[in-house]
Protein chains: 2
Amino acid sequence: MKIKLVIFEDNHQLRKSLEILLNTSESYVVIGNFPHVSKAKEIILDLRPHLVILDIDMPGKDGITAIPVIKEIDPEIFILMYTQFEDDEKIFRSLCAGADGYILKKTSPLKLILALDEVRKGGAPMSPAIARKVLASFHTSVKDKINYNLTSRETEVLKYLIKGCSVKYIASELYIAYETCRSHLKNIYTKLHVNCGKEAIAKVLAEKIEL
Amino acid sequence: MKIKLVIFEDNHQLRKSLEILLNTSESYVVIGNFPHVSKAKEIILDLRPHLVILDIDMPGKDGITAIPVIKEIDPEIFILMYTQFEDDEKIFRSLCAGADGYILKKTSPLKLILALDEVRKGGAPMSPAIARKVLASFHTSVKDKINYNLTSRETEVLKYLIKGCSVKYIASELYIAYETCRSHLKNIYTKLHVNCGKEAIAKVLAEKIEL
DNA sequence: TAATTTATCCCCCTTATAGGGGATTGTGCA
DNA sequence: TGCACAATCCCCTATAAGGGGGATAAATTA
């Protein structure tokens with residue numbers, strides 16, 4: 001059973017030669033080949049490929065816009081970006097959107113096939129520069145975050161709160177009175193600009209506020 | 001000005017040959033060479049290298065444990081993991097901890113230097129398989145998550161809850177009675193094995209449960 | 001030294017939430 | 001045809017949580 005490919009590539013010549021190249025391989029078969037992604041949804045729903053090769057720079061709709069569309073239809077469909085220039089920003093946006101890797105158009109036919117194999121096996125081919133960007137946004141996510149000026153005690157209380165603990169429990173854990181704990185919470189709510197514990201938890205966890 | 005390197009590597013022979021190799025290069029100079037990471041903090045504070053080459057498998061303390069220690073001293077110090085086996089899990093843990101890339105011990109001297117250059121330039125050398133793992137955990141597509149069997153309506157209610165909304169507000173947003181909303185919440189709490197909304201929010205957001 | 005901050009505690013009052021029931025309607029599946 | 005289930009709504013009760021006060025001792029800062 002060959003892996004079914006759909007290609008979106010605006011350059012007519014390149015599109016054709018890609019098709020010929022891939023169809024001569026023993027593992028892949030091109031079942032669709034289109035110059036733009038405006039009908040991507042219908043095409044994917046209709047053809048149900050295993051893997052999509054997606055050019056980034058295309059007239060009209062950007063290839064990146066098609067990523068969420070395809071992944072929503074079936075997250076199992078692999079998406080390999082195919083770009084002429086090593087534009088870090090675009091490739092990074094592609095990967096954020098859910099692409100499974102990318103290859104440059106200057107890549108040799110052999111390496112193209114290898115990259116496809118890699119994607120199929122669950123790998124995500126990408127250059128070190130891009131990998132670094134992904135890594136960076138992966139752990140140091142948002143460093144430019146607001147300082148809410150919580151005191152050390154308030155921070156302690158908040159740490160328990162975001163675990164879902166009750167006020168009573170937090171108080172007992174910190175060996176302070178229930179009312180003291182509530183005082184801290186009141187101050188926390190004021191400082192975080194929220195009105196209740198639920199909002200505080202949601203804010204801290206959703207905004208990845210470090211404590 | 002040469003890039004100052006510190007190496008942590010338990011194999012004596014390898015450590016020595018690494019040092020000789022790197023010292024013959026025109027860009028790098030090895031200023032420290034140690035068989036274990038137990039004194040990593042003191043060493044880094046003292047020597048202040050630009051880049052650290054870190055073996056993962058070492059007797060006593062694992063090389064990975066040294067990553068946060070080094071990064072806390074100076075996040076600008078690059079860390080390149082140096083491993084014998086392509087152990088996905090360990091490499092992944094290393095990258096999560098803050099490593100800037102990794103190379104295998106079987107890597108040729110030329111490629112080792114290239115990888116160091118890559119790290120210096122801000123790249124993060126890694127294999128496609130690792131890149132995929134990073135990508136995956138990056139957009140939280142943890143597939144092996146528990147299915148709590150929430151109904152579509154319960155999911156809707158929960159989506160509002162984790163934004164910190166009150167029961168009354170959720171009810172009004174969904175055009176249902178307050179008591180209906182509460183019924184859904186009761187069922188949600190049962191299914192998630194929690195006792196209150198705060199716990200539910202904490203659980204969903206902390207465990208990155210997809211809704 | 002005086003003012004400020006922090007952490008601690010207490011009161012009252014109101015509202016929100018949780019837990020325990022129970023009931024009705026429609027839908028889909030066996 | 002009947003059953004299970006999802007979604008809707010209601011009641012009662014107890015506890016938890018939030019908002020508004022205020023107070024004190026210790027430490028820090030101006």
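Chain B can be laid on chain A with an RMSD of 2.0 Å. The operation is a turn of 176 degrees plus a shift of 0.8 Å along the axis. Superposition is by least squares on the C-alpha atoms of residues with pLDDT of at least 70 in both copies. The two copies are thus related as by a two-fold rotation axis. The same surface serves both: 97% of the contact residues of chain B recur in chain A, where contact means heavy atoms within 4.5 Å.

This is a predicted model, in which local features need pLDDT of at least 70, side-chain atom pairs count only at pLDDT 80 or more, and totals for chains, interfaces and linings use all residues. Residues are numbered from 1 along each chain as its sequence is written, chains are lettered from A and ligands numbered from 1 in the order written, and side-chain values use heavy atoms, leaving out hydrogens and water.

Now take chain A alone. It has 10 helices and 5 strands, counted as DSSP runs (helices H or I, at least four residues; strands E, at least two) and numbered from the N terminus. Its C-alpha atoms fill a box of roughly 75 × 35 × 30 Å along the principal axes. The radius of gyration of chain A is 25 Å, whereas a compact globule of 211 residues would have one near 17 Å. That radius is taken over C-alpha atoms, and the globule rule is 2.2 Å times the number of residues to the power 0.38.

Contacts come next. Among those in chain A with a separation of 6 or more, 62% join residues 24 or more positions apart.
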